[in-house]
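Trainee: Could you take one part of this model and go through it closely with me, saying what each term means as you use it?

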Amino acid sequence: MLKVTDCRVQPGDCAFLIDDGTTSILHDTGFGFTGYQIADKVEKALNGRSLDYIFLSHSHYDHALATPYVKRKYPNAKVVAGRYAADIFQRPGAKRVMRELDGKFAATCGVSDYECLVDELAVDVMVDDGDVIKAGDMEFQVLNLPGHTKCSVGYYCKDLKFMLATETLGVYDGDKTIVPSYLVGYQWCMDSIARVQQMEIETLIAPHLGLLNKEQTAFYLANIGKACYEVAHWKADLIKSGHSDSEILELYKDRFWHGEIRRMYPIDALNLNTSIMIALIKKELLGMAI
């Protein structure tokens with residue numbers, strides 16, 4: 001029986017501990033400025049046992065930057081990530097952006113002075129699509145799922161019909177709202193969703209939300225493609241009718257930024273991500289030069 005512990009500290013964090021009693025996996029690690037607190041939550045949940053693995057879904061700071069803080073407490077934990085993400089973590093420009101974004105959001109949360117460990121961010125086990133990771137008695141198949149980022153990956157345990165999802169599948173509020181999140185390719189996102197929908201999945205960990213029950217999982221999987229398609233074409237219609245990017249952003253916020261989504265989706269990230277998605281729709285659906 002799997003136990004899943006929510007190790008998030010700050011709304012917008014993404015860190016969930018999976019434990020079958022003998023082997024433990026932290027799926028994503030969260031912001032850097034909450035890193036030590038997340039590590040403390042992991043320690044409390046494990047109650048003296050070791051952390052065995054850290055599985056990263058992609059390279060964004062809100063999913064990966066707490067990794068070095070957790071590694072300081074658990075130096076033997078193996079960090080697993082896609083090969084593309086591992087490369088990104090070595091780029092000075094990517095590290096600078098992660099540091100800046102983390103610091104900016106930390107300031108909005110009242111944290112102005114903390115130790116940034118982005119230079120310690122590294123991957124121990126680089127994986128590719130189709131690879132299988134043996135974590136104790138659990139086996140996870142790696143799925144490349146580009147769309148949110150090029151480096152997005154999911155981890156699928158066939159025996160348990162269980163998946164560690166990535167943000168390419170959208171951000172879910174646990175009820176009826178799914179917010180699409182394609183930042184590098186709308187069609188890539190649709191293709192990744194279609195791939196996941198072909199798999200036998202009864203429960204999953206949704207990004208930023210946590211473990212879904214069977215009913216939530218069924219709704220999420222049945223509706224992610226529809227949500228992605230409908231919102232993309234809604235934006236395309238707004239663009240064709242002459243709405244400006246800023247007007248579309250405000251309409252987008254009116255449609256999505258409320259309830260649980262508002263709590264876990266920082267406004268700066270929403271503004272940036274929406275502007276990127278509008279540009280992708282112009283390019284991919286409308287054939288406009290951007």
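**A strand with a partner on either hand**

Mentor: Let us begin at a turn: in the hairpin made by strand 2 and strand 3, four residues lie between the strands, and Gly21 takes a positive phi near 100°. Strands here are DSSP runs of E with at least two residues, numbered from the N terminus. This is a predicted model, in which local features need pLDDT of at least 70, side-chain atom pairs count only at pLDDT 80 or more, and totals for chains, interfaces and linings use all residues. Residues are numbered from 1 along each chain as its sequence is written, while side-chain values use heavy atoms, with hydrogens and water left out.

Strand 3 covers residues 24–27 and runs antiparallel to strand 2, to which four bridges join it; two strands pair if DSSP finds at least two bridges between them. Within this pairing, Ile18 of strand 2 has Ile25 of strand 3 as its bridge partner. Strand 2 is also joined by four bridges to strand 1, residues 3–6, and these two strands again run antiparallel. In that pairing Ile18 stands opposite Val4, so strand 2 has bridges to strand 1 as well as to strand 3.

Now follow the side chains along strand 2, which spans residues 16–19: Phe16 and Ile18 point one way, whereas Leu17 and Asp19 point the other way. In a regular strand the side chains alternate between the two faces of the sheet. All four of these residues, Asp19 included, are buried, a word that stands for under 20% relative accessible area, computed with a 1.4 Å probe and protein chains only.

Conventions. Buried means under 20% relative accessible area, exposed over 50%, partly exposed in between (1.4 Å probe, protein chains only).
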